[in-house]
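Reader: I am new to this structure. Could you take me through it in short questions and answers?

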Amino acid sequence: MAALRASRFGRWMLWSPRLASTHDLVTQNFAKLPVGVVCVADVQFKGRGRSKNVWESPPGCLMFSFTSQMEDARKLPLMQYVVCLAMTEAIKELCCAKGLSELDVKIKWPNDLYLKGLKVGGILCTSSYQPKVYNICTGIGLNVDNEEPTTCLNAALKEMNANLPTLKREDILASFFNKFEVLFEIFTNEGFQALEEQYYNSWLHSGQKVVVQDGPEAQHADSVVTIQGLTPAGYLYAIGEDGKSYELHPDGNRVSAKEDGNVVLHEYIHR
Ligand SMILES: O=C(O)CCCC[C@@H]1SC[C@@H]2NC(=O)N[C@@H]21
């Protein structure tokens, strides 16, 4: 609380040592909770990921869900990008403030956080409409101290310098809300455009070449395209070798199985 500068987000906290899912608790009780409230659990036994995935929720993972509201429906799909950006910036700022080596946590579009080529965090944004306003529940899972099944922030810090202190979940949480509140204000008032450059500096994809499946389902061919940025609707904007423009959508759970030079195979589909 002493590290929290945000005035709207993170000031009210529900905490539990063990809970089914912070996301379910917040979405099911949205109307009873003030905007900006956060629910944190040390362990979840029914953690939810995107697309009906399970989120493994052991001790050492920072797991929280918080409420926010937004009026403009066009901005809703971009909210998850603001959250990803806030978390990467928060980790950077915290490492700097504590005199630790900088952790190169990057955004893997659309809403994963990666460290050294491995997933360390995921973001889940869901919303419901109430007259004139969208109620948004944002859930974040971040591997701070548990190395299974991938890696975690503190393992990477210890690898860089075993003598320095590591990160605490509560410090990351405060730092996240400090960043998020500022970015959310800019996003609401000026739109995502105002954050786009900062976002591109934090993501993995600028200039990345990916192979996409192009054409109708039965007879699709593979095309190599180069990622340029985001389309106004928040999808990936890419240009093919023939100069053709592509809008790429995430392909469910399919993740890059292998990297061939800098070409990531079959990660996205062209719609
Ligand atoms: O990568 C994903 O699929 C998103 C994972 C989101 C997990 C977090 S942990 C806190 C909150 N509670 C849940 O049940 N899920 C989210």
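Reader: In which loop is proline 110 found?
Author: This is a predicted model. Strand β4 covers 106-108 and strand β5 covers 112-115. Proline 110 is found in the loop between β4 and β5.

Reader: Which residue is joined to proline 110 by a cis peptide bond?
Author: The omega angle of this bond is about 5°. The bond is cis, and the partner of proline 110 is tryptophan 109.

Reader: Where is lysine 52, and what is its phi?
Author: Lysine 52 sits in the loop between β2 (38-44) and β3 (61-70). Lysine 52 is not a glycine, yet its phi is positive. The value is about 65°.

Reader: Is lysine 52 buried or exposed?
Author: Exposed means over 50% relative accessible area. Lysine 52 has 84% relative accessibility, so it counts as exposed.

Reader: What is the phi of lysine 132, and where is this residue found?
Author: Phi of lysine 132 is near 75°, a positive value in a residue other than glycine. Strand β6 covers 118-130 and strand β7 covers 133-143. Lysine 132 is found in the loop between β6 and β7.

Reader: Is lysine 132 buried or exposed?
Author: The relative accessible area of lysine 132 is 70%. The cut-off for exposed is over 50%. Lysine 132 is therefore exposed.

Reader: Which residues around the ligand come nearest?
Author: There are 20 residues around the ligand. Those that come nearest are Ser21, Gln44, Arg48, Arg50 and Lys119.

Reader: How many Å lie between an oxygen atom of the ligand and the polar side-chain atom of serine 21?
Author: The atom on the protein side belongs to the side chain of serine 21. The atom on the other side is an oxygen of the ligand. The distance is 2.7 Å.

Reader: Which part of arginine 48 and which part of lysine 119 lie 2.7 Å from an oxygen atom of the ligand?
Author: For arginine 48, the polar atom 2.7 Å from a ligand oxygen belongs to the backbone. For lysine 119, an N or O atom is 2.7 Å from an oxygen atom of the ligand, and that atom is in the side chain.

Reader: What percentage of the ligand does the protein bury?
Author: Taken alone, the ligand exposes 410 Å². Of that area, the protein buries 99%.

Reader: Which element gives the largest share of the shell around the ligand?
Author: α1 (22-28), β3, β6 and β7 each supply at least two residues of the shell. The largest share is four residues. They come from β6.

Reader: How do the residues of the shell divide into nonpolar, polar and charged?
Author: The nonpolar residues of the shell number six. The polar ones number ten. The charged ones number four.

Reader: Which residues form a nonpolar patch on the surface?
Author: Together they have about 370 Å² of accessible area. One of them is in the segment before β1 (13-19), and that is methionine 1. Methionine 1 is exposed, with a relative accessible area of 55%. The patch is formed by Met1, Met13 and Trp15.

Reader: How many salt bridges does the structure hold?
Author: One of the salt bridges pairs arginine 169 with aspartate 42, with the closest N and O atoms 3.2 Å apart. The structure holds twelve.

Reader: Which parts does the salt bridge of arginine 169 and aspartate 42 tie together?
Author: The two parts are 127 residues apart in sequence. Arginine 169 lies in one and aspartate 42 in the other, so the pair ties together helix α4 (residues 169-190) and strand β2.

Reader: Is aspartate 42 buried or exposed?
Author: Its partner arginine 169 is partly exposed, at 25% relative accessible area. Aspartate 42 has 19% relative accessibility. Buried means under 20%. Aspartate 42 therefore counts as buried.

Reader: In which helix do lysine 92 and glutamate 89 both lie?
Author: Lysine 92 and glutamate 89 form a salt bridge, with the closest N and O atoms 3.6 Å apart. They are three residues apart, about one turn of the helix. That helix is α2 (residues 79-97).

Key:
Residues numbered from 1 in each chain as written. Predicted model: local features only at pLDDT ≥ 70, side-chain atom pairs only at ≥ 80, totals over all residues. Heavy atoms only, no water. Buried < 20%, exposed > 50% of the residue type's maximum accessible area, 1.4 Å probe, protein only. Near = heavy atom within 4 Å. Polar contact = N/O pair within 3.5 Å; in protein donor to acceptor, adjacent residues only side chain to side chain. Areas by Shrake-Rupley, 256 points an atom, 1.4 Å probe, with all protein chains shown as cover. Nonpolar A, V, L, I, M, F, W, Y, C, P; charged D, E, K, R; others polar. Patch = residues over 30% accessible without salt bridge, like charges linked within 9 Å, V, L, I, M, F, W, Y side chains within 5 Å. Salt bridge = Lys/Arg side-chain N within 4 Å of Asp/Glu carboxyl O.
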